[in-house]
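Thank you all for coming; please have a look at the sequence and the structure that I am about to put up, and I will then talk you through a few parts of it.

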Amino acid sequence: MKKYLSLTAILCLISIFVTAQDDNKVSAKKSSIELYGFIRSEYYYDSYKGLNAAQDNFYLFPLYKGLDAEGNDLNHQGIHGFTAMATRFGFNITGPEILGAKTSANFETDFAGIVSEYPEVLRLRKAFVKLDWEKSSLLIGQTWHPMWNGSGAFFPQVGGLNTGSPYNPFNRSPQIDFDYKLGAKTTLSLTALYEQQYCSAGFYDVPNTNSKNLAKRNAGIPELVAGLYYNDNGMSLGIAGQFNAIKPIDVTEGTAGKYQSDELNTSYAVMSYAGYKKDKWFFLVKEMVGQNLTNMLMIGGYGVKSYDAATGGMTYTNYTTSSTLVNVVYGTQKQLGFFAGMSTNFGTKDALYNFDGAAKTKGLMPTMKQTFRIAPYYAYNYKNLRFVAEYEIDSADYGTGTFDFSDGLYDDTVNATNHRILLMLTYNF
C-alpha cells in the first residue's frame with residue numbers, strides 16, 4: 001500500500017510542476033519553478049560490518065559485536081551491495097515580492113529514508129520558505145542545521161553518502177532562521193530548531209506512538225544556535241554556539257509510585273571552521289566540541305548521575321566529545337579529493353550512578369573512546385555525468401574491560417577497522 005502512495009505522491013508533484021510551468025507562460029510575474037535533482041547509483045564493499053543506514057550506503061563507523069567461540073571477530077566479514085535509493089529531486093521556487101522582500105521556497109525529497117519492506121517510500125529532506133530583504137533574511141521550514149554547512153556551501157565534499165558524518169554534524173530540522181548582514185562580508189545568524197528525523201535519545205518506550213523525538217517535544221524549549229560568518233573572495237570563516245535542552249523522561253516510577261518528571265538535560269556546543277572555494281580548489285578545516293550531540297549523528301550522549309529510588313527521579317550528566325576534519329579537493333573535470341576526520345570522547349562531566357554494577361546511558365555509542373576516517377577519492381565529471389571511485393578506512397576504539405563510573409568510560413579499548421570501496425555514478429538534471 002505504501003509504495004502505491006509513494007507513486008501517487010510522485011505523480012502529483014510532477015503534475016504540479018507541469019501545471020506551474022504552464023501557468024507561468026500566462027503570468028510569469030506570479031512564480032517560477034525549477035526542477036532539479038539526480039539519479040545516483042552506487043556499489044560498495046565493506047570488509048567490516050558497521051553502524052549505518054540506507055542499506056549500508058550511509059556508513060558511520062565499524063560496529064564491534066565481540067568474538068565468537070573460536071575467537072573470531074563476529075563483524076569482521078565482508079558485505080557488499082548496489083543501490084539507487086540516494087536518487088533525489090526537488091523544486092526551487094521563486095515568487096513575487098512580499099513585504100518588501102524577495103520570496104523563494106524549496107522542496108526536496110529522496111528515497112534513502114526508512115528502509116524496510118517498502119524501500120521506495122519518499123522522505124522529506126527540505127521544505128522551507130525564505131524572505132530576503134536588503135540586509136536581512138528570514139527562513140521558516142525544514143532545511144540543513146546551521147552547524148552542518150556554516151555559511152552556505154562549506155560542508156565536506158566526498159564520494160560517500162555520509163558526507164563526512166560522524167565528524168561533521170549531520171542534521172536537517174524544522175527551524176526558524178534569521179540572518180542579518182553586519183557589513184558587506186559579515187553575517188549574524190540566529191536559529192531556533194526542533195527535531196524531526198535526527199533526534200536526541202530519551203528513555204521513552206510508548207507503544208503505538210512515535211516516541212523518537214519525544215525527548216525534544218516534551219522539553220518545550222527549541223534548540224538555539226547563534227553564528228557569525230565572514231565571507232570574502234572565496235574564503236569563509238565561521239563560529240557558532242549551540243544550546244539544547246531535552247526531557248529524557250516525563251513520568252518516573254519508584255517504590256512510592258509514579259510521578260511527573262520536570263528534569264531537563266541541558267547541553268552546549270561550539271563549532272568553528274575555515275573554508276576556501278575558488279577556481280579548482282576547495283578546502284575546509286572544521287572543529288566542534290560539544291555535549292550530547294546525538295541529534296547531529298555524532299558520538300557521545302549522556303547518562304544518569306543520580307537516582308531517587310522512591311520516585312524513580314533521575315538527574316543527568318553529559319559526555320563531552322570533540323570532532324576535527326580536514327577536506328581538500330582539487331580539479332574541475334578531473335578531481336582528486338581527500339577527507340580525514342577524528343572524534344574523541346572525553347567522558348562525562350560528573351560521575352554516573354551505579355545501578356547494581358551498571359550505568360544508564362543514552363546516545364550514539366556513548367562509551368566509544370575514539371574513531372577516525374581517512375578517505376581519498378577520484379572523480380570524473382563529463383556534462384551531466386559524475387563518476388566517483390573512493391577508498392575509505394574507518395577505525396573505532398570501543399571501551400572494554402572495567403567500567404569507570406567516574407567518567408563513564410572503560411579502562412581498555414578494542415579496535416574495529418573497516419575498509420570500504422565505493423563506485424558511484426550520478427546523472428544530474
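What follows is a walk through one pocket, one group of charged side chains and two single residues. Please keep in mind throughout that this is a predicted model.

Let me begin with the second largest pocket, which holds about 720 Å³ of space. Its lining is made up of 32 residues, and those that lie nearest the centre of the pocket are Lys-130, Gly-150, Gly-152, Asp-177 and Asp-179. If we ask which elements each supply at least two residues of that lining, the strands are β7 (123-132), β8 (136-144), β9 (172-181), β10 (186-193) and β11 (223-232), and they are joined in this by the helix α2 (146-149). As for the character of the lining of this second largest pocket, 15 of its residues are polar, nine are charged and eight are nonpolar.

From there I would like to turn to the charged pairs, of which a search of the whole structure finds 11 that qualify as salt bridges. In general terms, side chains of opposite charge can pair when their charged atoms come close. The one I would start with is between Glu-108 and Arg-125, where the closest N and O atoms are 2.6 Å apart. Because Glu-108 belongs to strand β6 (residues 101-110) while Arg-125 belongs to strand β7, this pair ties together parts that are 17 residues apart in sequence. Are these two partners buried or exposed? Glu-108 is buried, its relative accessible area being 5%, and Arg-125 is buried as well, with a value of 4%.

Glu-108 also meets the side chain of Lys-126 in a salt bridge, with an N to O distance of 3.8 Å. Here again Glu-108 sits in strand β6 and Lys-126 in strand β7, so the pair ties together parts that are 18 residues apart in sequence. Lys-126 counts as buried too, at 14% relative accessibility.

Arg-125, for its part, forms a salt bridge with Asp-110, the closest N and O atoms being 3.3 Å apart. Since Arg-125 lies in strand β7 and Asp-110 in strand β6, the pair ties together parts that are 15 residues apart in sequence. Both Arg-125 and Asp-110 are buried. Through salt bridges that share partners, Glu-108, Asp-110, Arg-123, Arg-125 and Lys-126 are joined into one network.

I will now move to the two single residues, and the first of my choices is Asn-295, which is placed in the loop between β16 (281-291) and β17 (300-307). Asn-295 is buried, with a relative accessible area of 0%. Its side chain makes a polar contact with the side chain of Glu-223, at 3.3 Å. Not counting residues up to four places away in sequence, Asn-295 touches a set of residues including Phe-170, Asn-171, Tyr-198, Cys-199 and Asn-244, as well as Glu-223.

Lastly, where is Thr-426 found? Thr-426 is part of strand β23 (residues 409-428), and at 6% relative accessibility it counts as buried. With its neighbours within four places in sequence left aside, Thr-426 is in contact with Phe-38, Ile-39 and Arg-40, and also with Asn-384, Leu-385 and Arg-386.

Definitions and conventions: Residues are numbered from 1 along each chain as its sequence is written. This is a predicted model: local features need pLDDT of at least 70, side-chain atom pairs count only at pLDDT 80 or more; totals for chains, interfaces and linings use all residues. Side-chain values use heavy atoms; hydrogens and water are left out. On a 1 Å grid over the protein atoms alone, a cavity is a set of points where a 1.4 Å probe fits but cannot get out, and a pocket is an open set with protein on both sides within 12 Å along at least five of seven lines; lining residues have an atom within 4 Å of a point. Grid points are joined across faces, edges and corners, and a volume is the space filled by probe spheres set on the points. Helices (H or I, at least four residues) and strands (E, at least two) are DSSP runs, numbered from the N terminus. Ala, Val, Leu, Ile, Met, Phe, Trp, Tyr, Cys and Pro count as nonpolar, Asp, Glu, Lys and Arg as charged, and the others, Gly among them, as polar. A salt bridge is a side-chain nitrogen of Lys or Arg within 4 Å of a carboxyl oxygen of Asp or Glu. Buried means under 20% relative accessible area, exposed over 50%, partly exposed in between (1.4 Å probe, protein chains only). A polar contact is a pair of N or O atoms within 3.5 Å; within protein, one must be able to donate a hydrogen and the other to accept it, and residues adjacent in sequence count only if both atoms are side-chain atoms. Contact means heavy atoms within 4.5 Å.
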